[in-house]
Amino acid sequence: MGQLEGKTAVVLGAASAGNMGQVIARLFASEGAKVMVAGRKQEPLAALAEEIGGAYALCDITSHDQVHALAAKAKAEFGRVDAAINCTGWGLLASLLDTSQDDLDQITALQFKGVHHFLQAFVTVMSEQSPTGGSIISLSSATTKALINNHAAYIGTKRGSEALIECVANDYGHLGIRANTVSPAFTESPMTAESFQVPGLVDAFLPRYPLGRLNTSEDVAHACLWLCGDHAFVTGQNIQPNGGVTIRGNPQATDIEAAVGAAMARMQEG
């Protein structure tokens with residue numbers, strides 16, 4: 001029997017091939033959950049839903065109405081929602097001085113207001129399931145604990161979302177609702193594929209990980225699985241399945257430049 005046998009889950013942000021949301025959805029389905037995947041692109045969502053024997057819904061997290069409609073659809077389709085996971089995000093790389101007003105509006109809508117929509121919608125649904133409630137997770141980032149240069153708007157909005165999670169845990173725990181943050185670090189994925197092609201970039205990060213490797217999407221998915229199972233007496237926490245990078249801290253811009261420069265020099269010599 002799977003760890004989520006008989007449970008239902010919604011994974012928002014699963015519309016890109018191989019992204020973290022898709023990895024989580026596949027794992028949850030393999031562990032027995034009925035999963036509704038959601039995002040902004042119909043074709044990949046429909047294909048994934050068919051693959052895992054689940055359902056799908058179109059949803060833009062920046063839209064209050066669409067997020068609430070997603071929660072209502074999941075409740076109507078499954079009868080209840082045991083787990084809701086938000087995997088959306090935008091890795092905006094820009095210094096404080098170079099961040100435009102448009103960038104700031106977009107990232108706030110996605111990573112703060114959108115998370116508020118998500119929590120509001122699924123707390124509403126899960127409140128009706130009291131006392132069993134459910135488990136809500138929003139993915140954040142190790143960078144909120146291990147700062148990195150030129151990510152001020154990204155880190156600021158992710159930290160804000162972590163505060164929202166803590167407030168949900170504090171205010172709605174009596175209804176059986178658990179709310180937690182899961183924070184990956186530098187992860188190879190479709191979103192970061194271009195970065196992984198930069199010679200020396202990974203070399204700058206690896207020494208910062210006490211466990212000796214970068215985290216994978218599967219590492220993150222298994223952390224989410226545990227939090228949504230029956231044995232995680234945990235709420236209001238920021239779980240860090242990232243190999244310990246918050247102990248040593250991320251490399252800074254000068255470290256990255258040095259590692260990339262050294263790799264380029266070796267390539268030229270070879």
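**A chat about helix α2 and two loops**

Colleague: Glad to look at this with you; where is P131 placed, and which elements flank that loop?

Modeller: First, this is a predicted model in which local features need pLDDT of at least 70, side-chain atom pairs count only at pLDDT 80 or more, and totals for chains, interfaces and linings use all residues. Residues are numbered from 1 along each chain as its sequence is written, and side-chain values use heavy atoms, with hydrogens and water left out. Helices (H or I, at least four residues) and strands (E, at least two) are DSSP runs, numbered from the N terminus. P131 sits in the loop between α4 (101-127) and β5 (134-139).

Colleague: Is the peptide bond from S130 to P131 cis or trans?

Modeller: Omega for the bond from S130 to P131 is near 10 degrees. That bond is cis.

Colleague: Which residues of α2 are buried, and why do they line one face of the helix?

Modeller: Buried means under 20% relative accessible area, exposed over 50%, and partly exposed in between (1.4 Å probe, protein chains only). In α2 (residues 42-52), the buried ones are L45, L48, A49 and I52. Seen down the axis of α2, they fall within an arc of 100 degrees, taken from the directions from the helix axis to the C-beta atoms, so they line one face. An α-helix has 3.6 residues a turn, so residues three or four places apart point the same way.

Colleague: And which exposed residues does the face of α2 turned away from its buried side carry?

Modeller: Turned away from the buried side of α2 is a face with two glutamates in exposed positions. They are E43 and E50.
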